[in-house]
Amino acid sequence: MATRLRDRMIAEIEVRGLKVETRKQYLDDMEKFLKFYGNRPPMKLSVEDIKAYQLYLIKEKELAPNSVNKELSGIKFFYRYVLGRHWYADALPRMKTKRPLPAVLSEEEVAAMIDSVHKVMWKAVIMTLYSSGIRHRELRNLKVRDIDSKRMCIHIRNGKGGTDRQALLSPITLKCLRTYWRLCRVHNPVKSDWLFIPTKNSYSGELKKKFSHTAIGYILRKAGKLAGIKKKSTRICFATHLPSI
């Protein structure tokens, strides 16, 4: 894609306050689409050309409906907001997707998971997710200052939709977080404002990466396995009270 068009696309993304991940995805979507047509100027491509690319994703690459819709997101954005051809986006069909009900873990199952792990950090992660109902990304972005013990709440900043909100901080979760801080952070040579930090991503006392989504998934899967839970799920139901564990 020509530098001028790329810069215009980035400007349209930034003026809408979209996330860095979204910016990267949209630019990648357009780069792959244009590469498919031998880097022809996007102004010379029609709706039918985009539909042909969509069929390629479905039949040749055999992508799932969700993946196809995701691949087209950046293309639709480009033609709607950069070239001003809103009818392009309107004419492109969105594939129907199936949404199976998630296998949500019960209170008893989560209690068993917490009981089954011995690492304080793992207990703190599971209990924070369970008692507050926050999302994995929101937990990864928590900073120490976001734990408000006076008001017994957790400040969620830039959550879903870019909004801020407050989540419940239960007394037993606060107790576990304080234990985690005392045992895992006070004497840790790695200093960081993040509440949860990785254990194997630091060099010379400097944190290189924050806690990852993969790490949370691993903790929940491992805890589920130790607890004998066979559900293939990392979703935890929200509860206002934790069991006395």
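Which residues lie nearest the centre of the largest pocket? In this predicted model, they are Met-121, Ile-197, Pro-198, Thr-199 and Phe-211, out of 21 lining residues. Helices H7 (120-132), H9 (171-185) and H10 (213-226) are the elements that each give two or more residues to that lining.

The second largest pocket has its own cast: 17 residues line it, and Arg-137, Asn-141, Arg-157, Asn-158 and Lys-210 are the closest to its centre. Helix H8 (136-140) and strand E2 (153-156) each chip in at least two lining residues, with H8 giving the most at 3 residues.

Here are the two pockets side by side:

| Pocket | Volume | Lining make-up |
|---|---|---|
| Largest | about 470 Å³ | 12 nonpolar, 5 polar, 4 charged residues |
| Second largest | about 340 Å³ | 3 nonpolar, 4 polar, 10 charged residues |

Now for the rings. There are 14 aromatic pairs. Take Phe-77 and Tyr-81: their ring centres are 4.9 Å apart with planes at 50°, so this pair is tilted. Both belong to helix H4 (residues 65-82), 4 residues apart, or about one turn. Phe-77 is buried at 7% relative accessibility, while Tyr-81 is partly exposed at 35%. Tyr-81 also has the charged end of Arg-16 over its ring, 3.8 Å from the centre.

Phe-211, which we met in the largest pocket, makes a tilted pair with Phe-196, at 6.2 Å centre to centre and 35° between planes. Phe-196 sits in the loop between H9 and strand E4 (202-203), and Phe-211 in the loop between strand E5 (206-207) and H10. Both are buried.

Elsewhere, ring pairs join Phe-33, Phe-36, Tyr-37, Tyr-53 and Tyr-56 into a cluster, and Lys-143 lies over the face of Trp-194, 4.9 Å from the ring centre.

Terms used:
Residues numbered from 1 in each chain as written. Predicted model: local features only at pLDDT ≥ 70, side-chain atom pairs only at ≥ 80, totals over all residues. Heavy atoms only, no water. 1 Å grid on protein atoms, 1.4 Å probe; cavity = no way out; pocket = protein on both sides within 12 Å on 5 of 7 lines; lining within 4 Å. Points joined across faces, edges and corners; volume = space filled by probe spheres on them. Nonpolar A, V, L, I, M, F, W, Y, C, P; charged D, E, K, R; others polar. Phe/Tyr/Trp six-rings, centres within 6.5 Å; stacked < 30°, edge-to-face > 60°. Buried < 20%, exposed > 50% of the residue type's maximum accessible area, 1.4 Å probe, protein only. Lys NZ or Arg CZ within 6 Å of the ring centre and 35° of its normal.
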